[in-house]
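Student: I am new to this structure. Please show me how to read its features.

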Amino acid sequence: MYNLYKLVLLIAVIIQSIDFSHAECNRQQTNFGMVCKCTADSCDYLTEPPVKGAKSWIAISSSKNGLRFSETAGTFGSTDVITIEDYHEPSTNNAANSKNFIADAIMVDNKRSLGYFFGLEQGSVFNLPQQQSDSSASITVDRSVTYQKIIGFGGALTGSVSYLLNKLDPKLQDHLYKSYFHNDGIGYNILRTSIGGCDFDLEPWAYNEMPQNDAQLSNFTKLDNRDLLKIKQIRKIKSVGALEDLKIMAAAWSPPPWMKSNNDWTGYSHLKTEYYHTWAEYHMKYLQLMHNENITIWAISTGNEPLNGVIGWFFVRFMSLGWTPASQAIYLNDHLGPLLKQSQFKNVLIFGNDDQRYSYPEWYQKMNATKPDVLKYLDGFAVHWYWDEMFGPELIDQAMRSFPNKLLLNTESCVGDKPWETHGPELGSWERAEQYIRAYLQDLQHNFNGWIDWNLMLNEQGGPNYVNNNVDAPIVVNTANYSEFYKQPMFYGIGHFSKFIRPDSKRIKVSVNSLQNTVDAVGFLRPDDTIALIILNSAPIPQDITINDSVRGSCTVNVPSRSIHTMLYK
């Protein structure tokens, strides 16, 4: 009996020592492709594989067909072509294993927009024709030429995200935190949140809504319960993600209506001039109350999408505050800037604009013309991606040439906001993932220091929020049971950058030669002296890609169609 007891104990110890957290993706087929299902008991992760020798490389791959962070190894100097094998779906249909998944998580699939039928969605046009033979491309890496340093990558903890998180089982919550913020996840280190409400809340709200006309903000003495819930979730993010330095960026969408010209949450508006200093003090009170809870705010912005209250009011129905470059220059130069920099929070960074590419570089030129010294208060420029396909990165280049030595972050991105797109998730869509991948590649090639995505998680309809402003997200929760969520191709597309390009990595020179620009790449030298080379093959055929490194020599890899790869080597 004693020996049987020892055997049972030994088996229990062995079982406890097995790390079930590194399970493979639990693939679920959808109308648009494939997602990875996570439950309280199982979720997929990847510990970064080590590079074992000077000539060795490791490629981590994801593809439209279903690769998700798969690993392939090879060496520089080999004359063999190393083939990265694509995923092939087994004959059994995994989607049939979850009735809730079929019935509820794909309910938006039938709500297609006109753009689908006319072929306007990303990936439905401008593709190479299907071919049987492989194509070839080359990538040259010159690590002696370096560019910008990376701050990091992240997403947003909005009111909607916080609400959904609070409905999940604590173990499932932890899987979401680990998936995003742990090194075994995709390594986020930045979190964006709103000061007061935003468009992804259950209702518009701000601090000190009452009493009205209260320039002293006498009722802004404690944090709202919605922010207290976020603080609880932020603490879990830091503990589960094992994060020593979580950079939190905060931005305000709107003050209480009594501070605004139209006395409303939305619409054409500006801040009443008598409340310029009050609005600056509002930000200081928020920083102080968060500090009292041991939450350090790394950066704030001058306000979310100021043009929404100037030219966007006729279609924007959510909280906003209109600014012109001139009025914002006065507010920043005479109020917010000096107030912050002369306070205990002087190390909090200020990012300007927090709006679309099309406002660059003119926004800062006009600010500077109004108050010639105002840009000294800006540590960086914040850009939103929503019209990037129509306005080129040259606008950003012009701004950075005119006003150098500023940090540059993309601070908001999502897909599903355009009239020709599905307004909500397209579960499993590789096309949407590829939109993200192309955008990340382009921004990083144009000296961005990082990228902050929008909602960490949404429901099946792309909400909830008070204006039905439904969009897509990298993770979608099944609200039929709140017992599972789905990692979309977007999640892995982002992860090929955020997981492997560590903070303080330096971009290095990468040149690409490919058929019809179907291969693109960007490379970084990490602080651990590892090269992270991210490669996209957007062609509908496999391609041989020859990598020529200035130190290691060359190798040739055959990559699957419609795939992304992060190659790691020394």
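The dialogue below takes up a helix pair, then cavities, then a pocket.

Tutor: Keep in mind that this is a predicted model.

Student: How are two packed helices described?

Tutor: Two packed helices are described by the angle between their axes and the distance between those axes. Take H7, residues 276–292, and H8, residues 325–341. Their axes come within 9 Å and cross at roughly 45°. H7 and H8 are therefore oblique to each other, as the angle is neither under 35 degrees nor in the range 65 to 115.

Student: Is the crossing of H7 and H8 left-handed or right-handed?

Tutor: The crossing is right-handed. On H7, the contact residues include Tyr 276, Trp 279, His 283 and Leu 287. On H8, they include Ile 330, Tyr 331, His 335 and Leu 339. By class, the contact has ten nonpolar residues, four polar and one charged.

Student: How many cavities of 30 Å³ or more does the structure hold?

Tutor: Three. The largest has a volume of about 50 Å³. Among the residues lining this cavity are Trp 253, Trp 279, His 283, Asn 304 and Trp 323. Trp 279 and His 283 also belong to the H7 side of the helix contact.

Student: Which classes of residue make up that lining?

Tutor: The lining of the largest cavity has five nonpolar residues, five polar and no charged.

Student: What volume does the second largest pocket have?

Tutor: About 610 Å³. Its lining has 26 residues, and the closest to its centre are Phe 315, Val 316, Phe 318, Asp 417 and Asn 469. Twelve of the lining residues are nonpolar, eight polar and six charged.

Terms used: Residues numbered from 1 in each chain as written. Predicted model: local features only at pLDDT ≥ 70, side-chain atom pairs only at ≥ 80, totals over all residues. Heavy atoms only, no water. 1 Å grid on protein atoms, 1.4 Å probe; cavity = no way out; pocket = protein on both sides within 12 Å on 5 of 7 lines; lining within 4 Å. Points joined across faces, edges and corners; volume = space filled by probe spheres on them. Nonpolar A, V, L, I, M, F, W, Y, C, P; charged D, E, K, R; others polar. Axes fitted to C-alpha atoms, helices over the stretch in contact; angles between N-to-C directions. Helix = DSSP H or I, 4+ residues; strand = E, 2+ residues; numbered from the N terminus. Parallel < 35°, antiparallel > 145°, perpendicular 65-115°, else oblique. Left-handed = near helix turned anticlockwise from the far one by under 90°. Contact = heavy atoms within 4.5 Å.
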